[in-house]
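Colleague: Got a minute to walk me through this one? I'd like to get a feel for it before I set anything up.

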Amino acid sequence: MWLQRRWYDKRLHPLLYLLAPLSLLFWLLTNLRRSLYRFGLLRTHKSDVPVIVVGNISVGGTGKTPLTIALVECLKAQGYRPGIVSRGYGAQANFPHTVSVDDDAATAGDEPLMLRRKCECPVVTSPRRVEAIQALRQQYPDVDVIISDDGLQHYAMHRDIELILIDAERGIGNGWLLPCGPLREGPWRLKGAEWVLSLYAQHPFAQYVVEVTPQPWRRVIDNESIAAPPTPCYAIAGIGNPHRFFHGLRQQGIEPERCLEFPDHHKFTPADFAEAAGKTILMTEKDAAKCREFAADNWFYQPIAAQLPDDLSAKLTQQLRKLSA
């Protein structure tokens, strides 16, 4: 957690200079790998339907999941039949795995399960995205466009459109590659990119801003909608950028007694909530999916909804029609 906070300092923390050789090694290896794909020494697999990648150049917390949901809704409104592939981070299933609405987060992964339930479209997980696409096409031949949740750096998977997300508040952090900084690829990756988006607010590198609005609060154990959660409360988040959730609470006039951070994709257990025993607990929708089995009746989560700007929706539709022609 300390390391991740230092990534977003304006200047490189002195202790991180010790990791500079590892960042150089990371740069060499990723550039070598990318070059092998570029020159055809490693094979790229192309699907028979268009593939849209929703990804980023940094580690987590840019809003890929709400954007993927908004993208599915946009495509459905245009008459498309989308399907989703995802890595399935932390999932215990045998891959490729077709996610069911009856799965639990441990089997399917927290984000794939959330996407399956909210999007009501096929979701297949595998660390090898190509395998996931092949399984999806075999099981759902009517799917006519595939969305890859993350996978921007998965160059074995051919992509027709790349939607690259950048955090409007944190940007590219200190500008260093892992592990000195938060970047998987350098800022050069954004130069000339056709589809760079930021959520919540404008970023200088982004051509489009996707609006995100909080939805009514719901009870974790039964999804029942409530007007507002009772206070005092604790706030808990195990997502890529927990501070965004905590800040959003304060914008709504909710000031938690404590804000507890956990790593992204953290597998919650009842022991994680010992400090907050008996307290009202507020959390994200993604975290709620992992806590439902042992949640108390005073635990609540708040869904969020993203809305694609009209010009982005129109341009995407136009591009997909060209690809399908």
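**Packing, loops and odd backbone spots**

Modeller: Sure, let's start with Cys119: leaving out residues up to four places away in sequence, Cys119 touches Ile69, Val72, Lys76 and Ile84, where contact means heavy atoms within 4.5 Å. This is a predicted model, so to speak: local features need pLDDT of at least 70, side-chain atom pairs count only at pLDDT 80 or more, and totals for chains, interfaces and linings use all residues. Residues are numbered from 1 along each chain as its sequence is written, and side-chain values use heavy atoms, with hydrogens and water left out.

Colleague: Where is Cys119 found?

Modeller: Cys119 is in helix α5. Helices (H or I, at least four residues) and strands (E, at least two) are DSSP runs, numbered from the N terminus.

Colleague: And does Cys119 count as buried or exposed?

Modeller: Cys119 counts as buried, because its relative accessibility is 4%. Buried means under 20% relative accessible area, exposed over 50%, and partly exposed in between, with a 1.4 Å probe and protein chains only.

Colleague: What about the rest of α5, which of its residues are buried?

Modeller: The buried ones are Asp110, Glu111, Pro112, Leu113, Met114, Leu115 and Cys119. That is seven of the ten residues of α5, so the helix is largely enclosed by the rest of the structure.

Colleague: What covers those buried residues of α5?

Modeller: The cover includes α3, β2 (82-86), α4 (105-108), β4 (123-125), β5 (145-149) and α8 (285-291).

Colleague: At what angle do α3 and α5 pack?

Modeller: About 30°, with the axes 10 Å apart. That makes α3 roughly parallel to α5. Axes here are lines fitted to C-alpha atoms, for helices over the stretch in contact, and angles run from 0 to 180 degrees between N-to-C directions. Angles under 35 degrees count as roughly parallel, over 145 as roughly antiparallel, 65 to 115 as roughly perpendicular and the rest as oblique.

Colleague: Which residues meet there?

Modeller: From α3 you have Thr65, Thr68, Ile69, Val72 and Lys76, and they meet Glu111, Met114, Leu115, Lys118 and Cys119 of α5. The residues of this contact divide into five nonpolar, two polar and three charged. For that split, Ala, Val, Leu, Ile, Met, Phe, Trp, Tyr, Cys and Pro count as nonpolar, Asp, Glu, Lys and Arg as charged, and the others, Gly among them, as polar.

Colleague: OK, switching to the hydrophobic side. Which residues touch the most other members in the largest nonpolar core?

Modeller: Leu71, Leu163, Leu197 and Leu308, out of 36 residues in that core. Its largest share, seven residues, comes from helix α3 (residues 64-77). A nonpolar core is a set of buried Ala, Val, Leu, Ile, Met, Phe, Trp, Tyr and Cys residues joined through side-chain atoms within 4.5 Å.

Colleague: What does Leu197 touch?

Modeller: Not counting residues up to four places away in sequence, Leu197 touches Leu67, Leu163, Ile164, Leu165, Ile166, Ala206, Tyr208, Val210 and Leu312. There is also a second, separate core of 27 residues, with Val53, Val130, Leu136 and Ala193 among them.

Colleague: Now backbone oddities. Which peptide bonds are cis?

Modeller: The bond from Phe95 to Pro96 is cis, with omega near -5°, and Pro96 lies in the loop between β2 and β3 (97-98). The bond from Thr231 to Pro232 is cis too, with omega near 5°. Pro232 is in the loop between β10 (225-226) and β11 (233-237).

Colleague: What is phi at Asn223 and His265?

Modeller: Asn223 has phi near 65°, and His265 has a positive phi of about 65°. Most residues other than glycine have a negative phi, and most peptide bonds are trans. Asn223 counts as partly exposed because its relative accessibility is 33%, whereas His265, at 18%, counts as buried. Glu120, just after α5, takes a positive phi of about 55°.

Colleague: Last one: what is Asn56 in contact with?

Modeller: Leaving aside neighbours within four places in sequence, Asn56 is in contact with Thr62, Lys64, Asp150, Leu152, Gln153, Ile164, Leu165 and Arg184. Asn56 lies in strand β1 (residues 51-56) and counts as buried, at 0% relative accessibility.
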